[in-house]
Amino acid sequence: MSLPKPVMRGLLAKRLRFHLPIAFTLSIVAALMFKYSVTEPRKKAYADFYKQYDSVKEYNRMREAGIFESVRPSGE
């Protein structure tokens, strides 16, 4: 007894019909998970930070610390 030959005709199309919808679905699920678990919290954190952020106050703090070379601290 010999083994039957494998059916090679149409094998790619048959496997693609099975695997392509699965791959597409998993990619959509992964993209949605990334969007709602990473990007949305990050956007919320940035929005919360900039609600309370005062750029003039931050500039004055850095100026007094002597970070800028072109602007002297007010004490000098």
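A salt bridge here is a side-chain nitrogen of Lys or Arg within 4 Å of a carboxyl oxygen of Asp or Glu. With that in hand, here are the legends for a tour of this predicted model.

**Figure 1. K35 and E40 meet in a salt bridge.** The nitrogen-to-oxygen distance between the side chains of K35 and E40 is 2.8 Å, which falls inside the 4 Å limit. How accessible are the two partners, K35 and E40? K35 has a relative accessible area of 33%, so K35 is classed as partly exposed. E40 is also classed as partly exposed, because its relative accessibility is 25%. In general terms, side chains of opposite charge can pair when their charged atoms come close.

**Figure 2. E40 also takes part in a salt bridge with K43.** Here the N to O distance is 3.4 Å. Where do K43 and E40 sit relative to one another in helix α1? They are three residues apart in that helix, so about one helical turn separates them. Put the two contacts together and you have a network of salt bridges linking K35, E40 and K43. For the wider context, the whole structure contains six salt bridges.

**Figure 3. K35 lies over the face of Y36.** While you are looking at K35, turn your attention to the ring beside this lysine: K35 is placed 5.4 Å from the ring centre of Y36. Y36 has another role to look for, since this tyrosine helps to make a nonpolar surface patch.

**Figure 4. F24, I28, L32 and Y36 make a nonpolar surface patch.** How much area does this patch cover? The answer is about 450 Å². F24, one of its members, belongs to helix α1, which runs over residues 11-52. Because the relative accessibility of F24 is 56%, F24 counts as exposed.

**Figure 5. F49, Y50 and Y53 form a cluster linked by ring pairs.** Four aromatic pairs are counted in the model. In one of them, the ring centres of Y50 and Y53 are 5.6 Å apart and the planes meet at 80°, so this pair is edge-to-face. Y53 is partly exposed, as its relative accessible area is 35%. F49 is a residue of helix α1, and its relative accessible area of 45% makes F49 partly exposed too.

**Figure 6. R61 and E58 form a salt bridge in helix α2.** The closest N and O atoms of R61 and E58 are 2.5 Å apart. Helix α2 covers residues 55-65, and R61 and E58 are three residues apart in it, so they are separated by about one helical turn. E58 is partly exposed, because its relative accessible area is 23%.

**Figure 7. Stepping back, the protein chain has two helices and zero strands.** What are the dimensions of the C-alpha trace along its principal axes? They come to about 100 × 25 × 20 Å. The radius of gyration of the chain is 30 Å, whereas a compact globule of 76 residues would have one near 11 Å. You can also follow the span through F49 and P6: they are 43 residues apart along the chain, and their C-alpha atoms are separated by 62 Å. Buried residues account for 1% of the 76 residues. The chain exposes about 7,600 Å², with 64% of that area supplied by carbon and sulfur atoms.

Definitions and conventions
Residues are numbered from 1 along each chain as its sequence is written. This is a predicted model: local features need pLDDT of at least 70, side-chain atom pairs count only at pLDDT 80 or more; totals for chains, interfaces and linings use all residues. Side-chain values use heavy atoms; hydrogens and water are left out. Patches are made of residues with over 30% relative accessible area and no salt bridge: like charges are joined within 9 Å, nonpolar side chains (Val, Leu, Ile, Met, Phe, Trp, Tyr) within 5 Å. Accessible areas come from the Shrake-Rupley method with a 1.4 Å probe; for residues, only the protein chains shown count as cover. Helices (H or I, at least four residues) and strands (E, at least two) are DSSP runs, numbered from the N terminus. Buried means under 20% relative accessible area, exposed over 50%, partly exposed in between (1.4 Å probe, protein chains only). Rings of Phe, Tyr and Trp (its six-membered ring) pair if their centres lie within 6.5 Å; planes under 30 degrees apart count as stacked, over 60 as edge-to-face and the rest as tilted. A charge sits over a ring if NZ of Lys or CZ of Arg is within 6 Å of the ring centre and within 35 degrees of the ring normal. The radius of gyration is taken over C-alpha atoms; the globule rule is 2.2 Å times the number of residues to the power 0.38.
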